[in-house]
Amino acid sequence: MGRLSRESWFEIRHSLDSGCGESQPFFSNPGCSKPLLHPTLYAYYSPYENILGGLLTTVPMTSEGQLIERVHRKLPSRAGGLRVGIGDDACVIRSRQPAEWVLTTDAFLENVHFLLPLHPPEAVGYKALARATSDLAAMGARPLYFLLSLALPEACTKKWLDDFLDGMSRAARKFGLVLAGGDTTKYPLVAINITVIGEAAPGRAVLRSGARPGDFLCISGRLGAAELGLRLMLRKLHHQKEWKKLLQKHFYPEPRLALGQWLAKNGRATAMIDTSDGLSTDLAHICEASGVGARVWSERLPKVAVPRELRNLGLDPLRLALDGGEDYELLFTVPPRLALRLPRTILGVPVTTIGEITLKKRILLIDDAGRAEPLPAQGWDPFRKRPIRKRK
Ligand SMILES: [Mg+2]
């Protein structure tokens, strides 16, 4: 498979067997007759199609009751505030005054966000929950419960499902989440939708809209690692021993829950978002919501370390850091008077100041020599119609 061109990714619409219509709500996409494939996954769709066709004809059926029982066993519905969990028409949660509820939902779809032949089922289960939970981290909220809607082909109702649930169960324990309910159904592709419910102290949830001119712009962890892993996997390079570990962040992202809650509790962040789509795109979300601009200092960016052999393949750390998606780090703004006292590591997570918020509503990248150039949002956007501009 040849090298994937970012410009071509965003032009691709591919025919899936299932099409896209009212009877398939997971893929309903107003204005387009076919679902839009995640560009990075497009190049691998054709070989995948044949594998799926083979699997569909060889695996026996499972009843929905059996399937729910297996989900229940792996993800028990028990917690203090949960009065009724799995097994009734709806769950019942005791309200926990005086906290505020924080809710979010996230779709994780085969052929759009992951590929059955390449992504281990354990990673699919883990990541489906991690992605959704990261949005609570970005609000500074504490996760409590989640609802799982799971659509599966029959081929995935045996071992694949067990492994998937193992991954999801590991993530649930790690993030402190309890499954409160959900729904299962049969579908030609794997479609996962997760709603996560959390809580925050009244008025403490951190919004995207609070950034003010003069605030410093900070990022947790390192940028570009998840995208690097994805590119390696798509090039089938991840089986090489020395690069296997570079897949870790793509498969098992780490929502920055403790950091998000610390920032919210201590009132340090004026605005916050998780970097799910890529720094350039997520920063644009903060700037738009806050009515401000920003300057990002490229030399300050904590970029993923790319081995020299991979740099020679065109994997540039700066581009990975600016536009690579799915790092699930926290991008937040801090008022100048608090920025100086912000620790460089918070609860074990490195925090780096990478820029500043400006009154002028432009987003600029400042290079090592102090030159400024526009920083267009070039991260992941499933509805982008125009091919994106090549960065110099
Ligand atoms: Mg988010």
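This tour moves from the whole chain to one helix pair and then to a single covered helix. The model is a predicted one, in which local features need pLDDT of at least 70, side-chain atom pairs count only at pLDDT 80 or more, and totals for chains, interfaces and linings use all residues. Residues are numbered from 1 along each chain as its sequence is written.

Begin with the whole protein chain, coloured by secondary structure, which comes to 13 helices and 14 strands (DSSP runs, H or I of at least four residues for helices and E of at least two for strands, numbered from the N terminus). Of its 392 residues, 44% count as buried, meaning that 20 or more other C-beta atoms, placed from the backbone, lie within 10 Å of the residue's own.

Next, select residues 121–137 and 159–175, helices α5 and α6, which pack at an angle of about 35° with their axes 6 Å apart; the axes are lines fitted to C-alpha atoms over the stretch in contact, and angles run from 0 to 180 degrees between N-to-C directions. Among the residues that meet here are Tyr-126 and Leu-129 of α5, and Trp-160 and Phe-164 of α6, where contact requires C-beta atoms, placed from the backbone, within 7 Å.

Then select residues 279–290, helix α10, whose 12 residues reach 16 Å from first C-alpha to last. Of these, 9 are buried, including Leu-283, Ile-286 and Cys-287. To see what covers them, add β8 (271–274), β9 (293–297), α12 (317–323), β10 (330–334) and β13 (363–366), which are included in that cover. Finish at Gly-291, which follows α10 and has a positive phi, near 70°.

Definitions and conventions. Expected span 1.5 Å × (residues − 1). Buried ≥ 20, exposed ≤ 12 C-beta atoms within 10 Å, placed from the backbone. Contact = placed C-beta atoms within 7 Å.
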